[in-house]
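These are my notebook entries on a single protein chain. I set down what I looked up and what I found, entry by entry.

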Amino acid sequence: MVDRLANSEANTRRISIVENCFGAAGQPLTIPGRVLIGEGVLTKLCRKKPKARQFFLFNDILVYGNIVIQKKKYNKQHIIPLENVTIDSIKDEGELRNGWLIKTPTKSFAVYAATATEKSEWMNHINKCVTDLLSKSGKTPSNEHAAVWVPDSEATVCMRCQKAKFTPVNRRHHCRKCGFVVCGPCSEKRFLLPSQSSKPVRICDFCYDLLSTGDMATCQPTRSDSYSQPLKSPLNDVSDDDDDDDSSD
């Protein structure tokens, strides 16, 4: 079915519309063999709060961006190659329901659909596209993925030292290896994580010590509730990273 749609005028027209919605700042999306499978609005759990994002599923990539005008204009386009994607379901908790994790070596995050049916459809289509891609390429599924960042609102104190309280002066930072929210003194070191950046990135002291000794797997987060309903803490809602730009949130 996908192969038949690849060269259809309707598919070409739909992809062209998506390109136009992102404007000149977006990357070209029309290439031979690419098919637009579906699209929709999902709630992405950003570092400060959940935000609506427009997602487009193609047979080889997942594209998302900020909604400026629904169905007319989007910005901050992000393109994720599907062959690097793995997904995991998230248990419903509080107001955040029908969610799953999108995990890649470069960035991982949680998204939520409006209904359980919509969640099932998204996950089934993503899994099928990934399976088809890997089958054609002969590659194996990626077993490396970036940590999912713990939302700012879930940490009123440093998750490593458990002492430093976050204030407008003592700002939040995220360890790029484990995803924990940590204070400045607990994350002064940098380490090269090639899958995430060509330059050394901020990591916490705990992960730095493990990475320095080669024990990289142990750095993964131990919390399983990192995607629960964020707590209300307006005073502490400050950080050193841009919440609206998904490359740094």
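**Entry 1. Cysteines**

How far is the sulfur of C183 from the closest cysteine sulfur, and in which residue does that sulfur lie? I note before answering that the model is predicted. I found the closest sulfur in C186, at 3.6 Å, which is too far for a bond. The cut-off for a disulfide is a pair of sulfur atoms within 2.5 Å. I then looked up C204, whose closest cysteine sulfur belongs to C207; that separation is 3.6 Å, again too far for a bond. I recorded 0 disulfides for the structure. I also checked accessibility: C183 is buried at 2%, and C204 is buried at 0%.

**Entry 2. The chain as a whole**

I counted 4 helices and 11 strands in the secondary structure. The chain has 249 residues, of which 46% are buried. I next considered contacts between residues at least 6 apart in sequence; 53% of these join residues at least 24 apart.

**Entry 3. Helix α2**

I looked up the length of α2, which runs over residues 9–22. Its 14 residues reach 20 Å from the first C-alpha to the last, close to the 20 Å expected at 1.5 Å a residue. Which residues of α2 are buried? I listed N11, I15, V18, C21 and F22. Viewed down the helix axis, these buried residues fall within an arc of 115 degrees, so they line one face of α2. The face turned away from the buried side carries E9 and N20, both exposed. After α2 comes G23, and I noted its positive phi, near 70 degrees.

**Entry 4. Helix α3**

I made the corresponding check on α3. Its 22 residues should span 32 Å at 1.5 Å a residue, and the end C-alpha atoms are 32 Å apart, which agrees. The buried residues of α3 are K119, W122, M123, I126, C129, V130 and L134. They occupy an arc of only 130 degrees around the axis, and are therefore on the same side of α3. T117, S135 and K136 are exposed on the other side of α3. What covers the buried residues of α3? I found that the cover includes β1 (36–45), β2, β3, β5 and β6. Just after α3, G138 has a positive phi of about 80 degrees.

**Entry 5. Nonpolar cores**

I turned to the largest nonpolar core, which has 20 residues. F55, W100, I102 and I126 have the most contacts inside this core. At least two core residues come from each of β2 (50–58), β3 (61–69), β6, β7 (108–112) and α3. Helix α3 gives the most, with 6 residues. I followed I102 further and set aside its neighbours within four places in sequence. Its contacts are then F55, L62, V85, T86, I87, K107, S108, F109 and V111. Apart from this core lies another, of 19 residues; A164, V182, C186 and C204 are among them. Two cysteines from my first entry, C186 and C204, thus appear again in that core.

**Entry 6. H174**

Is H174 buried or exposed? I found H174 in strand β8, and at 0% relative accessibility it counts as buried. A polar contact of 3.3 Å joins its side chain to that of R47. With neighbours within four places in sequence left aside, H174 is in contact with R47, W149, V150, D152, G179, F180, V181 and R202.

**Entry 7. Positive phi outside glycine**

Most residues other than glycine have a negative phi. I therefore looked for exceptions to this rule, and I recorded N98 and Q162.

- N98 has a positive phi, near 60 degrees. It is placed in the loop between β5 (86–90) and β6 (99–103). With a relative accessible area of 12%, N98 is buried.
- Q162 has a positive phi of about 60 degrees. It is found in the loop between α3 (116–137) and β8 (173–174). Its relative accessible area is 53%, so Q162 is exposed.

I close this entry with the contrast in setting: N98 is buried, whereas Q162 is exposed.

Conventions:
Residues are numbered from 1 along each chain as its sequence is written. Side-chain values use heavy atoms; hydrogens and water are left out. Buried means under 20% relative accessible area, exposed over 50%, partly exposed in between (1.4 Å probe, protein chains only). A polar contact is a pair of N or O atoms within 3.5 Å; within protein, one must be able to donate a hydrogen and the other to accept it, and residues adjacent in sequence count only if both atoms are side-chain atoms. Contact means heavy atoms within 4.5 Å. A nonpolar core is a set of buried Ala, Val, Leu, Ile, Met, Phe, Trp, Tyr and Cys residues joined through side-chain atoms within 4.5 Å. The expected span of a helix is 1.5 Å times one less than its number of residues. The arc is that of the directions from the helix axis to the C-beta atoms.
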